[in-house]
Amino acid sequence: MRETALSESRHPERLRNFIAALAELIDSNPGEDDLLHHGGKLLGQLVRHDDWLPDEYALADPTRYQQFLLHADSRQRFSVVSFVWGPGQSTPIHDHRVWGLIGMLRGAEYSQGFARGSEGQLQKAGTPIRLEPGQVEALSPSSNDIHQVSNAFSDQVSISIHVYGANIGAVKRAVYQIDGSEKLFISGYSNAWLPNIWDLSKENQVQ
Ligand SMILES: [Fe+2]
């Protein structure tokens, strides 16, 4: 049973433990398939609970979707980002150029994959994947790197937790038109400050 959203992060250890476990996994130098498989399980554990994301990283903006950096690995081997979709919001068609994992925390979203046609144009690759809370989707530069993501709801906010194999806000990558033309961009992040998940004083009270 999933827990409901709370007004503040009661369980910062969930994100901290996820970061530690993912760093340990990457330290073992797994191949991409193993990384996505085991990393996906770790992310699935994180998004099973909705009681750890602080409110300020769950705020929608009426003009565009938000991407709040929650953590960047000190060697930029991975980053963890809270994507907040206002009602009806969606991304352009875009790529990532590094591995990615998307875990649904709140609401629901659609991910529509695209592939290049014979003349370079983009074509929808299959039907959209609908992610429900607790579910995880994996992205690989070698197979399904181009997609468009949208909030499944026109009347409520949805939030997904994304993990990428780089400091994704600093990666030069592309958005696409349906004719296949691409434009490079660097996304940056919506926030100037990161959540403090390292204050252990409440968790390790001195008796
Ligand atoms: Fe994406």
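**A walk through the predicted model, from Tyr176 to the central sheet**

Good morning. Let me begin with one residue, Tyr176, which touches Ile93, His94, Asp95, Arg97, Arg116, Leu122, Ile146, Ser181 and Glu182, leaving aside residues up to four places away in sequence. Tyr176 belongs to strand β11, residues 173–176. Is Tyr176 buried or exposed? Tyr176 is buried, since its relative accessible area is 8%. For a sense of distance, consider His11, which is 165 residues from Tyr176 along the chain; the C-alpha atoms of these two residues are separated by 38 Å.

Before I go further, a word on confidence. What you see is a predicted model. The mean pLDDT of the protein chain is 94, and 96% of its residues reach 70 or more. Where does pLDDT stay under 50? That happens over residues 3–7, a stretch for which the model has twelve contacts beyond four places in sequence.

One of the residues touched by Tyr176 is His94, and this brings us to the metal. Which protein residues are donors of the iron ion? They are His94, His96 and His147, each through its NE2 atom, at 2.1 to 2.2 Å from the ion. Along the chain, the donors follow the spacing H-x1-H-x50-H. Two of these histidines deserve a further remark. His94 is buried, because its relative accessible area of 8% is under the 20% limit. His96 also counts as buried, at 1% relative accessibility.

I turn now to the sheet. Five strands form an open sheet in the order β1-β2-β10-β4-β8, with antiparallel pairing. Its edge strands are β1, residues 66–72, and β8, residues 136–139, each of which pairs on one side only. On average, neighbouring strands of this sheet are turned by 20 degrees against each other, direction ignored. Helix α2, residues 32–46, packs on the sheet and touches β4, β8 and β10; the direction of α2 makes about 15 degrees with that of β4.

Let us take the strands in turn, starting with β10, which covers residues 158–164. How many residues of β10 are buried? Seven of the seven are, so β10 is largely enclosed by the rest of the structure. In a regular strand, side chains alternate between the two faces of the sheet. In β10 both faces are covered: one side carries Ser158, Ser160, His162 and Tyr164, the other Ile159, Ile161 and Val163, and all of these are buried.

The pairing of β10 can be followed on either side. With β2, β10 runs antiparallel and is joined by seven bridges; there, Val81 stands opposite His162 of β10. With β4, β10 pairs in the antiparallel sense over six bridges. In that pairing, Leu101 stands opposite Val163 of β10, and Gly100 has Tyr164 as its bridge partner in β10.

Strand β4 itself spans residues 100–106 and is joined to β8 by four bridges, again antiparallel. Gly100 returns here, with Leu139 as its bridge partner in β8. Ile102 stands opposite Glu137 of β8. As for accessibility, six of the seven residues of β4 are buried, so this strand is largely enclosed by the rest of the structure.

Next comes helix α1, residues 12–27. This helix has 16 residues and reaches 23 Å from its first C-alpha to its last, close to the 22 Å expected at 1.5 Å a residue. Its buried residues include Leu15, Phe18, Ile19, Leu22 and Ile26. An α-helix has 3.6 residues a turn, so residues three or four places apart point the same way. Against what do the buried residues of α1 pack? They pack against α2, β1, β2 and β10. After α1 comes Asn29, whose phi is positive, near 50 degrees.

I close with a residue in another setting, Glu119, placed in the loop between β5, residues 109–116, and β6, residues 122–124. Glu119 counts as exposed, because its relative accessibility of 74% is over the 50% limit. Glu119 and Pro133 are 14 residues apart in sequence, and their C-alpha atoms are 38 Å apart in space.

To summarise, we have seen the iron ion with its donors His94, His96 and His147, and the open sheet of five strands on which α2 packs. Thank you for your attention.

Note on methods:
Residues numbered from 1 in each chain as written. Predicted model: local features only at pLDDT ≥ 70, side-chain atom pairs only at ≥ 80, totals over all residues. Heavy atoms only, no water. Pairing = 2+ DSSP bridges. Helix = DSSP H or I, 4+ residues; strand = E, 2+ residues; numbered from the N terminus. Axes fitted to C-alpha atoms, helices over the stretch in contact; angles between N-to-C directions. Contact = heavy atoms within 4.5 Å. Donors = N, O, S within 2.8 Å, 3.2 Å for Na, K, Ca; no water. Buried < 20%, exposed > 50% of the residue type's maximum accessible area, 1.4 Å probe, protein only. pLDDT = per-residue confidence, 0-100. Expected span 1.5 Å × (residues − 1).
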